[in-house]
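Here are my notes on this model, set out as numbered points. Please read them with the structure open.

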Amino acid sequence: MKARKDMRQKCPKCGYEKCITKVVVDNPRYPSGVIIRCKQCKSIFSLDNDEWVFFKEWY
């Protein structure tokens, strides 16, 4: 699936504007719901009460 411009989010940590949002269901490595994976600072954020919360770094 190609990423559309309306699917992109700005990273809360480094400000990179081309982060892709993903919906996660039943994956033990990530929190369930909507997440952001930033390619620039290698961080993962989860959506909690309409705010992006830092989850972990990925390599």
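1. Start with the pairing of Arg 37. The bridge partner of Arg 37 in S4 is Ile 44. Arg 37 also has a partner in the other direction, since Ile 20 bridges to Arg 37 in S3. Ile 20 in turn stands opposite Arg 8. Bear in mind throughout that this is a predicted model.

2. These residue pairs sit within a wider sheet. The sheet is open, has 5 strands and follows the order S1-S2-S3-S4-S5. The pairing is antiparallel. S1 and S5 are the edge strands, and each pairs on one side only. As a general point, strands of a sheet pair through backbone hydrogen bonds, in either a parallel or an antiparallel sense.

3. Next, the bridge counts. S1 and S2 run antiparallel and are joined by 2 bridges. S2 and S3 (residues 33–37) are antiparallel too, over 5 bridges. For S3 and S4 the count is 3 bridges, again antiparallel.

4. The S3–S4 connection deserves a look. These two strands form a hairpin with 5 residues between them. Which residue in the turn has a positive phi? Lys 42 does, at about 55°.

5. On secondary structure overall, the protein chain has 5 strands and 0 helices. Along the sequence the pattern reads β-β-β-β-β. The radius of gyration is 11 Å, close to the 10 Å from the globule rule for 59 residues, so the chain is as compact as a globular protein of that length. Along the principal axes, the C-alpha atoms fill a box of roughly 25 × 25 × 25 Å.

6. How many salt bridges are there? The count is 1. Glu 57 and Lys 13 form it, with their closest N and O atoms 3.3 Å apart. The pair links distant parts of the chain, 44 residues apart. Glu 57 lies in strand S5 (residues 51–57), while Lys 13 lies in the loop between strand S1 (8–9) and strand S2 (19–24).

7. Are the two partners buried or exposed? Neither word fits. Glu 57 is partly exposed because its relative accessible area is 34%, which falls between the 20% limit for buried and the 50% limit for exposed. Lys 13 is also partly exposed, at 47% relative accessibility.

8. Check the nonpolar surface as well. Val 23, Val 25, Val 34 and Leu 47 form a patch there. Together they have about 350 Å² of accessible area. Leu 47 belongs to strand S4 (residues 43–48). Its relative accessibility is 38%, so Leu 47 counts as partly exposed.

9. Two whole-chain surface values complete that picture. The accessible surface comes to about 4,600 Å², and carbon and sulfur atoms hold 48% of that area. Of the 59 residues, 29% count as buried.

10. Last, contact range. Take the contacts in the protein chain with a separation of 6 or more. Residues 24 or more positions apart account for 22% of them. The Glu 57–Lys 13 salt bridge is one link between distant parts of the chain.

Note on methods: Residues numbered from 1 in each chain as written. Predicted model: local features only at pLDDT ≥ 70, side-chain atom pairs only at ≥ 80, totals over all residues. Heavy atoms only, no water. Patch = residues over 30% accessible without salt bridge, like charges linked within 9 Å, V, L, I, M, F, W, Y side chains within 5 Å. Areas by Shrake-Rupley, 256 points an atom, 1.4 Å probe, with all protein chains shown as cover. Salt bridge = Lys/Arg side-chain N within 4 Å of Asp/Glu carboxyl O. Helix = DSSP H or I, 4+ residues; strand = E, 2+ residues; numbered from the N terminus. Buried < 20%, exposed > 50% of the residue type's maximum accessible area, 1.4 Å probe, protein only. Pairing = 2+ DSSP bridges. Rg over C-alpha atoms; globule rule 2.2 N^0.38 Å. Contact = heavy atoms within 4.5 Å.
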